[in-house]
Protein chains: 4
Amino acid sequence: MTVIKDSVHNHINVKGVARALLDTPAMQRLRRISQLGTVQFVYPSANHSRFEHSLGVYHLVTKAIDTLDIQGIQMKRLQAAALLHDIGHGPYSHNIELVTHRYTGKYHDDVDEIIHTESISDTLREYGLDPTHIANLITGDETYGQLIAGELDVDRMDYLVRDAHHTGVPYGTIDHERLINGLTFADGELVLGAGNVQTAESLLVARALMNPVVYQHHVARIAKAMLRQAAERLLKETDISATELRRMDDYELFVTLRKVSETKRLAKRLDERRLFKRAMWAEFSAVPPRVREMSYEELREAEAEIATQLETDPTSVIIDVPPTPTMTESTSRVIVSGEIRQLSDESPLVSALRTAQKQQWRMGVYVPAKMAAEAGAYATNLLGIEEDGSFITEYETPLTTLDDFTT
Amino acid sequence: MTVIKDSVHNHINVKGVARALLDTPAMQRLRRISQLGTVQFVYPSANHSRFEHSLGVYHLVTKAIDTLDIQGIQMKRLQAAALLHDIGHGPYSHNIELVTHRYTGKYHDDVDEIIHTESISDTLREYGLDPTHIANLITGDETYGQLIAGELDVDRMDYLVRDAHHTGVPYGTIDHERLINGLTFADGELVLGAGNVQTAESLLVARALMNPVVYQHHVARIAKAMLRQAAERLLKETDISATELRRMDDYELFVTLRKVSETKRLAKRLDERRLFKRAMWAEFSAVPPRVREMSYEELREAEAEIATQLETDPTSVIIDVPPTPTMTESTSRVIVSGEIRQLSDESPLVSALRTAQKQQWRMGVYVPAKMAAEAGAYATNLLGIEEDGSFITEYETPLTTLDDFTT
Amino acid sequence: MTVIKDSVHNHINVKGVARALLDTPAMQRLRRISQLGTVQFVYPSANHSRFEHSLGVYHLVTKAIDTLDIQGIQMKRLQAAALLHDIGHGPYSHNIELVTHRYTGKYHDDVDEIIHTESISDTLREYGLDPTHIANLITGDETYGQLIAGELDVDRMDYLVRDAHHTGVPYGTIDHERLINGLTFADGELVLGAGNVQTAESLLVARALMNPVVYQHHVARIAKAMLRQAAERLLKETDISATELRRMDDYELFVTLRKVSETKRLAKRLDERRLFKRAMWAEFSAVPPRVREMSYEELREAEAEIATQLETDPTSVIIDVPPTPTMTESTSRVIVSGEIRQLSDESPLVSALRTAQKQQWRMGVYVPAKMAAEAGAYATNLLGIEEDGSFITEYETPLTTLDDFTT
Amino acid sequence: MTVIKDSVHNHINVKGVARALLDTPAMQRLRRISQLGTVQFVYPSANHSRFEHSLGVYHLVTKAIDTLDIQGIQMKRLQAAALLHDIGHGPYSHNIELVTHRYTGKYHDDVDEIIHTESISDTLREYGLDPTHIANLITGDETYGQLIAGELDVDRMDYLVRDAHHTGVPYGTIDHERLINGLTFADGELVLGAGNVQTAESLLVARALMNPVVYQHHVARIAKAMLRQAAERLLKETDISATELRRMDDYELFVTLRKVSETKRLAKRLDERRLFKRAMWAEFSAVPPRVREMSYEELREAEAEIATQLETDPTSVIIDVPPTPTMTESTSRVIVSGEIRQLSDESPLVSALRTAQKQQWRMGVYVPAKMAAEAGAYATNLLGIEEDGSFITEYETPLTTLDDFTT
């Protein structure tokens, strides 16, 4: 058994198959994949890695295994899946996932190929585990996969607390011990036992509060859009494949961007934190449906059109349109009066959070600071944004700050 | 200047009039008034006092004074009011406030009389402050009184963080520095500046999550009802006046209850934590309006009727009906797009919290454990409670509760 | 099983005999015994109780039991002993222990009588445990008693962390998980396994740093001496016996002191924090051996002599002479290169801590502020204190502050 | 003014010259320089950067400026020096400092050249500051330079707390607010005011406890030695200059090591954490003086000799001999009884720490795991190490170590 000191969970005991998997290159690579990517540009302390997060998820799944009294091979499977659940992340985690996905069809939880690399699959087999089975658990398949990827998974419990610890934003401070103690299976579904409506709410509330302040902070989004822009160019202008890009670590991605002539200007901007500014920023209701639903190609064309108008190079204009909030019902389930019920039926808070998600939605147009005012005016007009629910940049925003949500 | 070490805010610098007020008997008495009263029976670490809380409120008001650039005598007034804001609390803080209020007409923030006692009023006058003026600030009067008692007051900011620290429940962990940095006055109203919808929400959410788990935990409510019962009896059966009762500290109240023959049985129960149990527990919609609106006397009569039926003494039955949630709109104001707006208009979360408040409402009937089943059945019938939204003690599942030991 | 939320250890699972013992009056009384007594006068947040500390010790012993793989009845015994280890404490914990000891011959860990009261002994027997056996474990008897009372006991691990949490002084922040993981038995002795010299040092260092700043802070010592003075008077002037005094809780002690005419003046001073001041304060080397070794009676005579000189009542003068540091070798043992060695042989730090203990020793003479200068001069002369290593009060010390170690 | 959220100090207000300096490339580069280098291999959460540390030092110097009432240009100078104090660090901070120093003659605090680059020197001059002057403050020159680099500097206060926060090791938890409140100048020297012997001790104790567990953990030392080895080779085998190497960031160093054929094997080992193991590990007294004083060339020769014996390539053997602890007296000064005294004269603890420093000294020989036993035996013999105070790898018990996984 190895004891590892963690800044969040204190001592983590790693043993068995998890201990063996720790030494594989795919796991060690996660030390160099930052958990929150460009959120570092907003919160300078947010330098934690997917490696420590993976250890945390392993730690929490082990506690859940204990609570749920899961034994034998099922236990080993879950521990392996927990530790490996993020090995499919590309550099800067989610930041360029959409780019690599467009080329490879794979999101970060599609780890089938990686899990079949020799060092991992040999290790798994040594402990009697089937790699394909573990890959399936990671996407949330089967009853036990809900612990790894589902509404009540331990992944989220770890990242909320860890991101709060490292950013310094307190909103993610959930009571993960109580959540795990409350877990139970009912008819094959992972639910929270009686008396836990509140506990379930607190998990969703924590995420809802962290979202605009941390995960969707506009400065992080701008830097992410620039990085995505650079990554797209890399694939277009060099012979680096999307599969190769996805297997880089943060180090290699940045050094490559600096060296390739078509991306070096963006790389320098990121290195020196000379980020684009918001030329325009609009609420959901102010954006015409046809803009919200623009395809990848249409967005690139609109960018080019704005760039032409500004007489600048097309990589200097970024249109950032997040997907429409799906408003799927929260699928968390809680036992109330002996029945399994949807949390959303029990909790007025949860339905409000769904509304809030839409209200927090913003689209943006980002350009170098000096062109912001002109680009804002032009883009607003071009895209038919309503002026009431948007703003155009007329001033400089602070560079390294957290304290502006709406500006 | 005196530097005081605080478990929540680290070092608190106390100077000027605040330093002088600290040495008055009325302030020192707060060392022996527990902040959360019977919440100690649920959270054993919740032994913090009104004294440390008052220091915390003084600390935060001093930070707000700095942010808002308040000078001279206004500054001194606010610091005095912050430090003194809780001197009107009776023993066990809010726990027996309703009892003393019925006799004296005074709530804890009615401190006019106490503030005019010699040691305090002399100290205030020495620093050029008028005691009546300070008493008014404490009830939230005038522009600056909003900092002491209002929707965005520093009182709440301190107690949420402090109660979270001492109970161990993380939900109160707000970002009080950011809240204070965001404060501003607009047209004489205390509001949060632009970009703070989220910050305001987090304050209300924190309170909403702490409420059922800490402040209204059913075990704390049972113990509080027993204490209130005992206090009422004390006033009826002895020549202790309500005014005297209100000026006792926790020590004296408990020792007195142990000594008076009519209260010693209840005192022993509290000392040994042999609390009453819930005979019946009902949701808002399950309770007929006439029961929710019963007067003090009607409730006592209903208790007596149940006691007669159970052939027990009337102090062994407690009916606990909280006031109907007022559903007043949240009056927090935030600047959005240059206008002062109601937070409730901007935030779907806040309206949900108002709904949640009603949903969390419960009435209870408490009796000694051995009579619980019988009392529950009888009370349900007597009061016309609907069975769907209530439970009688034989179904032991608590609805919204943390682990409640010895209940 | 009951889950209790603790501000230090988060969730504590209490089961079996421990769960049953929790409901006994002797355990519930500990809710009203403050852990640090008059340290509250220095650190306003230090209001934690022996009850929460006892739960913490139970929690840590359970972890140690797990590490050491202790099974069956031995496990139950240890858990009972851990939970009960402080039931012998009088009001304000150690503060008046010397007084009650002089009359009863019993320190706080002499719990034989209390453990044989019906509610506890019946509970123990129900779980197959012998009360006398548990009482012996509490004084550190037998191999396993070392876990409860010994150089490496879990008692100390809990109180250092808990006292740090509640005072806000960070020096007690030890790595208790690592300490417990390192515990092992070698030849019947509790030792720390290989690689733990550092871990053992940190425990001793933490205590050494907490000592002058928290446990022996001069303001806490003054208040303690006043409380002791008052307690002595209570025994002399009333028919309250030392055994009764020892079984009071904090509430009853304070209310009694207020009511008895011979102690009410001291009680009022404590209630209002009008503490005596140091008239004189002297280092070890400045105090003649005959003074350091004065008997109880000799000290009282010297106090009376000073009081006569000051024309005041004898309870207004307190001479406070701590015992000479015993300089016993630290008996912590650590495995180094396969041998059990004394920590003091391995660690230069530990020997230094023994020297430091002597250097931190101070004797004091305390009187009401207005007599301090005169009393200091007279006492220095009377007791033959060397002026180099002492000081006489010439000024007022701050009342509610931590920041003066030497003044 | 910009407000930055920090995981350690919460909100940091950055303004004036500091705000302007933040946007220079030299400062932004520090985001990609890890604070603790290879300590990451022991503590997976220790991914914090020099950037956040520099912000912390700026924050603390601003507090010290307030305490010491430093005004005008002196204030601006100190704030600039605090923020810039680490811009001279090479990749992985101290890890390859000795290598670049041998070629360039510059340690990390020699920032004269960097501070004269256009973006920084222009910014400084705009605020009326002289770059050379700031560079001198950074090396501790002048009275105020003591705040940046001296026995009581704020640099150390930040890193101890920050390193504790991110590693999870609690020993660095000092009371930095109290330390800063205690600072004062006496005869041009930065000292701690009366009553702070304890405070000063705690700072030194914290560092002494962190040293073997964090900064000198043997696994971090092994990885550091491997990195140093690789860096030396890079300078020898490529045309990268030491000055260029020093200006790389972590990203570029690692990617370069991977690409250069002479270093790619070591880079792969570091990427995959297949670290060398200790073949031999010896205490100070066991190592002959001539070995402890070996020159750079002599050490390389000894390594080559062992490599020849093992029939392996010379980069596979590393001899790691730390400098002899200098045992300089601690120069911290504290005011005691009105005089400025050396802390070491007042504190038995501090002299013990000097002894401890020597006792914690270890030299090591590191090789790939499979050669460890053979290399250990041969090296012990070759270097004339006494067997009593050393171990060869077959005895696997580490002497003073935290759990070291994959070692």
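## Two interfaces of chain A, and a helix pair in chain B

Putting chain B and chain A together buries about 2,500 Å², with carbon and sulfur atoms giving 64% of that area. Buried area here is the accessible area (1.4 Å probe) that two parts lose on being put together, summed over both. B:Tyr171, B:Arg178 and B:Gln198 supply 23% of what chain B buries against chain A, more than any other three residues.

A word on the setup: this is a predicted model, where local features need pLDDT of at least 70 and side-chain atom pairs count only at pLDDT 80 or more, while totals for chains, interfaces and linings use all residues. Residues are numbered from 1 along each chain as its sequence is written, chains are lettered from A and ligands numbered from 1 in the order in which they are written, and side-chain values use heavy atoms, leaving out hydrogens and water.

Chain A also touches chain D, and here are the two interfaces in a table.

| Interface | Residues in contact | Buried area | Carbon and sulfur | Salt bridges |
|---|---|---|---|---|
| B with A | 33 residues of B, 32 residues of A | about 2,500 Å² | 64% | zero salt bridges |
| D with A | 47 residues of D, 48 residues of A | about 3,900 Å² | 54% | four salt bridges |

Contact means heavy atoms within 4.5 Å. A salt bridge is a side-chain nitrogen of Lys or Arg within 4 Å of a carboxyl oxygen of Asp or Glu.

One of the salt bridges between D and A joins A:Asp249 to D:Arg258, with the closest N and O atoms 2.6 Å apart. The rule also finds 17 residue pairs in polar contact across D and A (both at pLDDT 80 or more). A polar contact is a pair of N or O atoms within 3.5 Å; within protein, one must be able to donate a hydrogen and the other to accept it, and residues adjacent in sequence count only if both atoms are side-chain atoms. On the chain D side, α15(D) has the largest share, six residues. Helices are DSSP runs (H or I, at least four residues), numbered from the N terminus.

Now for chain B itself. Helices α13 (residues 218–237) and α15 (residues 250–259) of chain B pack at about 70°, their axes 11 Å apart. Axes are lines fitted to C-alpha atoms, for helices over the stretch in contact, and angles run from 0 to 180 degrees between N-to-C directions. That makes α13(B) roughly perpendicular to α15(B), a label for 65 to 115 degrees. B:Leu227, B:Ala230 and B:Leu234 in α13(B) meet B:Leu253, B:Phe254, B:Thr256 and B:Leu257 in α15(B).

Conventions:
Helices (H or I, at least four residues) and strands (E, at least two) are DSSP runs, numbered from the N terminus. Angles under 35 degrees count as roughly parallel, over 145 as roughly antiparallel, 65 to 115 as roughly perpendicular and the rest as oblique.
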